[in-house]
Amino acid sequence: MNVALAKTDTGTALGEAFALARPRLPGAGKVADTRQQAFESYERIGLPHRRIEDWKYTDLRVLMRDVLPLAAAPDAAALTRAAAALKLHAIDGVRKLVLVDGVFAPKLSDLGKLDAGLSIRTSRDVLEADDASLHAQLFALDASNPMIALNSAMMTDGVVISVADGTKLAKPVHVIHIASGGLPAAIFTRSMFSLGNDASATLVESYIAADGALNYQVHDSLVIRIGNGARLDHVRLTEDSREAINISSAAITVGANANFNTFGMNTGTVVSRYQAVIDIVGEHSHVETNGVNLLNGKQHADTTLVMNHNVPDCISREVFRAVIDDRGHSVFQGRINVRQPAQKTDAKMMTRALLLSDEAEADNKPELEIFADDVACGHGATTGALDDSLLFYLRARGLSEKEAQALLIQAFVGEAIESIVDDNLRELAISAAERWLAARG
């Protein structure tokens, strides 16, 4: 049934924001036309709300009441603040690609001595160039999702990374999104990572804020293509300001005999939603997805994953953990779709939530939709509190209550964090978890 919806004040304001931003957006001709079509797709639904099943637990009409103007291009002061934030989140042995307020910052990035087979461009350059093929790939995300459509209409920049067939990248590529702390603003970015056949790479994404950056909104999306026989390790860390909103999307395509290992952790933002669709299109591939939400205060974090098994003989594993304190609210929606040709599919999904207060809330919604008859698929979900007997055991050995809780929480999320292959990146995730625990007091 089609429902005619009255445009909310926020929806009206977004229309005005798009009209103001349009002259600054890169790309003309067909790109501009595609942006307009994307915004019209967004307008047909507007901000998602609880009457849309996929957004039942994350009603943006309630949670995102402010419409912020498109972020200005960073000036010298903004780049200085971003550079200071970057030092606090530095990782050794990676290639940095930095976006400040949604604009690529070459002076903060590492573009020297690229590996043979590695190509890096900005999304702005791609949008402004006459390359219909790349335009089609950048705009290939599902326009029926209103927040993806809004991102398509408003994206300003990002990075387009290509790894040639057979290339083994020596060090991870680290894409860092920094909010510089200027005026309240909305940031729209879109990036693409293409991994050729028999290639391997590690991609890291971080979302951080400079000192003083509080009220801002991040709207990001990423397109990943993994070739036949390739391996991609992916780590995503969200440590935005505790007053920020982060709505991010990903579309991942996995070829034959490929491996995709991805881990995500969210400790920042007041409202976040990460929505990813993984399409397995080649046989004998393996996908492993792990995630952790660490929430307190009034934080709301939604992780929505769709795993599409389209071909036979593939394996997928999903492990998700949430630790929720105070009045935090964690949402996990995971759906595994097994198409009729996808015989011999082996798919498992498990989500667990740990509630640390009476007002903490967790909604877990695992789903299976199977059209093949020779598969091994399953899912599970649990929600509970810390084990009193284990707390008593640790307290009896001299630990304070907070120390005992911290030890048990670290063990709870450790299973997911251990999935990170790279030692430095695993330590990075552990450090983020420890900062959350330390801030908890």
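Here are four short exercises, with worked solutions, on the predicted model shown above.

**Exercise 1. The sheet and its edges**

Task: Work out the strand order of the open sheet of 10 strands, then find which strands are at its edges.

Solution:
- Step 1. Trace the sheet from one side to the other: the order is S2-S1-S5-S7-S9-S11-S13-S15-S17-S19, and the pairing is mixed.
- Step 2. Look for strands that pair on one side only; these edge strands are S2 and S19 (376-384).
- Step 3. Now zoom in on one pair. S1 (residues 95-100) and S5 (residues 173-179) run parallel and are joined by 6 bridges.
- Step 4. To see the register of this pair, find Leu97, which stands opposite Val175 in S5.

**Exercise 2. Helices against strands**

Task: Find which strands helix H4 lies across, and which strands helix H9 touches.

Solution:
- Step 1. Start with H4 (residues 76-88): it lies across S1, S5 and S7 (200-209).
- Step 2. Compare directions: H4 runs at about 140 degrees to S1.
- Step 3. Move on to H9 (residues 401-417), which packs on the sheet and touches S11 (259-266), S13, S15 (315-324) and S17 (346-355).
- Step 4. The direction of H9 makes about 155 degrees with that of S15.

**Exercise 3. A helix in its surroundings**

Task: Decide whether helix H7 is largely enclosed or largely open, and explain why.

Solution:
- Step 1. Use the cut-off: a residue is buried when its relative accessible area is under 20%.
- Step 2. Go along H7 (residues 146-154) residue by residue. The buried ones include Pro146, Met147, Ile148 and Asn151.
- Step 3. Because 9 of the 9 residues of H7 are buried, this helix is largely enclosed by the rest of the structure.
- Step 4. Check the N-terminal end too: Asn145 caps H7 there, with a side-chain oxygen 3.1 Å from the backbone nitrogen of Met147.

**Exercise 4. Two residues to compare**

Task: Classify Glu288 and Ala116 as buried, partly exposed or exposed, and describe where each one sits.

Solution:
- Step 1. Glu288 belongs to strand S13 (residues 286-295). Its relative accessibility is 27%, so Glu288 counts as partly exposed.
- Step 2. List the contacts of Glu288 beyond four places in sequence: Phe260, Asn261, Thr262, Arg317 and Ser419.
- Step 3. Take Ser419 from that list: it is 131 residues from Glu288 in sequence, yet their C-alpha atoms are 8.5 Å apart.
- Step 4. Add the side-chain partner: Glu288 and Asn290 share a polar contact of 3.5 Å.
- Step 5. Ala116 sits in the loop between S2 (103-104) and S3 (118-122). With 69% relative accessibility, Ala116 counts as exposed.
- Step 6. Finally, the C-alpha atoms of Ala116 and Thr167 are 7.6 Å apart, with their positions 51 residues apart along the chain.

Conventions. Residues numbered from 1 in each chain as written. Predicted model: local features only at pLDDT ≥ 70, side-chain atom pairs only at ≥ 80, totals over all residues. Heavy atoms only, no water. Buried < 20%, exposed > 50% of the residue type's maximum accessible area, 1.4 Å probe, protein only. Helix = DSSP H or I, 4+ residues; strand = E, 2+ residues; numbered from the N terminus. Polar contact = N/O pair within 3.5 Å; in protein donor to acceptor, adjacent residues only side chain to side chain. Contact = heavy atoms within 4.5 Å. Pairing = 2+ DSSP bridges. Axes fitted to C-alpha atoms, helices over the stretch in contact; angles between N-to-C directions.
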